[in-house]
Amino acid sequence: MAEDSRKLFVAGLPDSITEDILRQLFEATGGNVVEVSLPKDRATGRPRGFGFVTLSTSEEAISARESLDGSYHGGKSISVRPFQNEPPRREGGMRGPGGPGEKPMGGGGPGMGGGMGGGMGGPQGAPDRTLYVGNLPYDASVEEVESIINSTGAGPVVRVHLPTDPDGRKRGFGFVTMASADAAKVAIDALRGVDVRGRRLVVNLAHPKG
């Protein structure tokens with residue numbers, strides 16, 4: 001259905017994720033987010049490590065998937081895939097669009113839930129070591145961004161991800177995973193107000209603590 005083509009399944013999410021953060025992340029790709037759902041474990045109330053995001057058009061969904069699939073957030077690599085009619089078993093508290101596409105929610109099996117839960121046991125500091133770096137020159141390369149971060153003396157860069165649109169053009173922002181939360185803080189402080197080729201960088205934690 002048309003609605004399904006606008007909806008994405010997002011896996012590998014960190015414990016620190018919230019609906020607001022997930023919405024902001026997808027809106028940063030240039031799309032309009034219609035709905036965000038983060039299922040929680042009934043027994044513990046904790047996020048189950050996956051969610052659903054609906055964009056306003058299928059084109060926006062494709063662009064968001066291209067930009068964010070495989071990117072690092074909260075120290076974890078997330079997977080963004082097209083919504084399937086039979087995703088993992090829904091929890092009662094999950095909000096859905098309520099359209100016909102929501103009905104065939106047959107159980108995806110406990111294996112999926114267990115796998116997600118196992119993947120959530122990352123290091124405690126992971127949510128605090130991924131940086132959002134905005135207002136980058138559109139032609140900035142991974143190597144250039146890594147060099148900028150390294151120039152702060154904050155320590156080694158674990159990964160740099162520069163989202164692109166479907167045409168392969170960079171979107172002017174990126175995500176940088178540092179080796180530790182302390183290194184991330186050093187980088188944020190050092191890059192405050194820094195200009196790169198006439199553009200003043202915007203640097204903060206990709207997942208601030210709520």
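Is Phe175 buried or exposed? Select Phe175 to begin: this residue is buried, with a relative accessible area of 3%. The model on display is predicted, and the tour below moves from this residue to the sheet around it, then to a second sheet and the helices that lie on it.

**The ring pair at Phe175**

Keep Phe175 selected and add Phe173. The two ring centres are 5.8 Å apart and the planes stand at 85°; planes over 60 degrees apart count as edge-to-face, so this pair is edge-to-face. Phe173 is buried as well, its relative accessible area being 6%. In total, the structure holds 7 aromatic pairs.

**The sheet with strands 8, 9, 7 and 12**

Next, select strand 9, residues 173-178. Strand 9 belongs to an open sheet of 4 strands, arranged in the order 8-9-7-12 with antiparallel pairing. At the edges are strand 8 (157-161) and strand 12 (202-205), each of which pairs on one side only. Neighbouring strands in this sheet are turned against each other by 20° on average, direction ignored.

Follow the pairing across the sheet. Strand 8 and strand 9 run antiparallel and are joined by 4 bridges. To see one residue pair here, select Arg159, whose bridge partner in strand 9 is Thr177.

Move to strand 7, residues 130-134. Of its 5 residues, 4 are buried, so strand 7 is largely enclosed by the rest of the structure. Strand 7 pairs with strand 9 in the antiparallel sense over 5 bridges; select Tyr132 and find Phe175 of strand 9 opposite. Strand 7 also pairs with strand 12, again antiparallel, over 4 bridges. Here Gly134 stands opposite Val202 of strand 12.

Now add helix 6, residues 181-191. Helix 6 lies across strand 7, strand 9 and strand 12, and runs at about 155° to strand 12.

**Two residues with positive phi**

Most residues other than glycine have a negative phi. Two loop positions in this model merit selection in that light.

Select Asn135, in the loop between strand 7 and helix 5 (142-150). The phi of Asn135 is positive, near 65°, although the residue is not glycine. With a relative accessible area of 31%, Asn135 is partly exposed.

Then select Arg197, in the loop between strand 10 (195-196) and strand 11 (199-200). Arg197 is not a glycine, yet its phi is positive, at about 50°. Its relative accessibility is 48%, and Arg197 counts as partly exposed.

**The sheet with strands 2, 3, 1 and 6**

Turn to the other sheet. Four strands form an open sheet in the order 2-3-1-6, with antiparallel pairing. Strand 2 (33-37) and strand 6 (79-82) stand at its edges; each has a single partner strand, so one side of each is left without a neighbour in the sheet. From one strand to the next, the twist averages 25°.

Select strand 1 (residues 7-11) together with strand 3 (residues 50-55): the two pair in the antiparallel sense over 5 bridges. Within this pairing, Lys7 has Thr54 of strand 3 as its bridge partner. An aromatic cluster can be displayed next: select Phe9, Phe50, Phe52 and Phe83, which form one cluster.

**The helices on this sheet**

Which strands does helix 2 lie across? Select residues 19-27: helix 2 lies across strand 1, strand 2, strand 3 and strand 6, and runs at about 140° to strand 2. Helix 3 (residues 58-68) also packs on the sheet, where it touches strand 1, strand 3 and strand 6. The direction of helix 3 makes about 155° with that of strand 6.

Stay with helix 3 and select Ala61, Ser63, Ala64, Ser67 and Leu68, which are buried. Viewed down the axis of helix 3, the buried residues fall within an arc of 165°, so they line one face of the helix. Continue past the end of helix 3 to Gly70, whose phi is positive, near 85°.

**Confidence**

Finally, colour the model by pLDDT. The protein averages a pLDDT of 76, and 75% of the residues score at least 70. Select residues 87-126, where the pLDDT is below 50. In the model this stretch has 70 contacts beyond near neighbours in sequence.

Conventions:
Residues are numbered from 1 along each chain as its sequence is written. This is a predicted model: local features need pLDDT of at least 70, side-chain atom pairs count only at pLDDT 80 or more; totals for chains, interfaces and linings use all residues. Side-chain values use heavy atoms; hydrogens and water are left out. Two strands pair if DSSP finds at least two bridges between them. Axes are lines fitted to C-alpha atoms, for helices over the stretch in contact, and angles run from 0 to 180 degrees between N-to-C directions. Contact means heavy atoms within 4.5 Å. pLDDT is the predictor's confidence in each residue, from 0 to 100. Buried means under 20% relative accessible area, exposed over 50%, partly exposed in between (1.4 Å probe, protein chains only). The arc is that of the directions from the helix axis to the C-beta atoms. Rings of Phe, Tyr and Trp (its six-membered ring) pair if their centres lie within 6.5 Å; planes under 30 degrees apart count as stacked, over 60 as edge-to-face and the rest as tilted.
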